[in-house]
Amino acid sequence: MKLWAALANAFAGWIRIARGDADWRAHFAFTAPGLVTAILIYFFFAFLAVAFASMNIGMPGLPGIASALIVQGLSLAALALAIQGTKAALKSAQPMLDLMVPGTYVLVFYLLAGAILSLIGGPVLLLLWIALGYLLYRLARVATTWSLGISLAFAVLTVLLLVGMPVTLYMLSNPATPPI
């Protein structure tokens, strides 16, 4: 199946990114169909994460699944926003697909690891955020000509958006209680 081959290639590519190998690009499809494939894989695993999280309470209905997938899709929007924001601040001509395609696959890892680690407890998620930040930093270093500081700032910005967005949505979705 093509999706599983893409996932296996992405895993091999991310191993090479983390090691700093020069041949990492051969494992990703830097095209619009390659990005669509990565997004489809992301939403497939997001659906599985929703199903896994609702095992004790029962699978939500179609509106519940749709809203959960929309919330999970905000991670992709956060990644795109961080890429575009960094590119705009630098006035960089860096192709967005160079970061978005591998970045989408690392979000699959983040989604899966987050679902598993959330069962253990909150403080362990801090380690996941650090690991995600490191992987995003490595991606920026190998995929762009950005300096060490810019790559680090990109990674921090992306992790802050990924972590802050759900908290913000939670706070906005719960109306303030009237004072006593």
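Hi everyone, let me start with a pair of helices: α3 and α4 are oblique to each other. Keep in mind that this is a predicted model.

How do we get to that word? The axes of α3, residues 62-90, and α4 cross at roughly 140 degrees and come within 10 Å. Angles over 145 degrees would count as roughly antiparallel, so this pair is therefore called oblique. As for handedness, the crossing of α3 and α4 is right-handed.

Which residues meet there? On the α3 side we have Q72, S75, L76, L79, A80 and I83, and they meet L99, M100, G103, T104, L107 and L111 in α4. If you look at the spacing of those numbers, here is a handy reminder: an α-helix has 3.6 residues a turn, so residues three or four places apart point the same way.

Now, α4 on its own. This helix covers residues 97-120, and because each residue should add 1.5 Å, its 24 residues should span 34 Å; the end C-alpha atoms are indeed 34 Å apart. There is a bend in α4 of about 25 degrees, located at G114. Is α4 mostly covered or mostly open? Mostly covered, with 17 of its 24 residues buried. Right after α4 comes G121, with a positive phi near 150 degrees.

Last stop: V124, which sits in helix α5, residues 122-143. Its relative accessible area is 24%, so V124 is partly exposed, since buried would need under 20%. And how far is V124 from M96? They are 28 residues apart along the chain, and their C-alpha atoms are separated by 31 Å.

That's my tour, thanks for listening!

Key
Residues numbered from 1 in each chain as written. Predicted model: local features only at pLDDT ≥ 70, side-chain atom pairs only at ≥ 80, totals over all residues. Heavy atoms only, no water. Helix = DSSP H or I, 4+ residues; strand = E, 2+ residues; numbered from the N terminus. Expected span 1.5 Å × (residues − 1). Bend = angle between axes of the 7 residues up to and from the residue. Buried < 20%, exposed > 50% of the residue type's maximum accessible area, 1.4 Å probe, protein only. Axes fitted to C-alpha atoms, helices over the stretch in contact; angles between N-to-C directions. Parallel < 35°, antiparallel > 145°, perpendicular 65-115°, else oblique. Left-handed = near helix turned anticlockwise from the far one by under 90°. Contact = heavy atoms within 4.5 Å.
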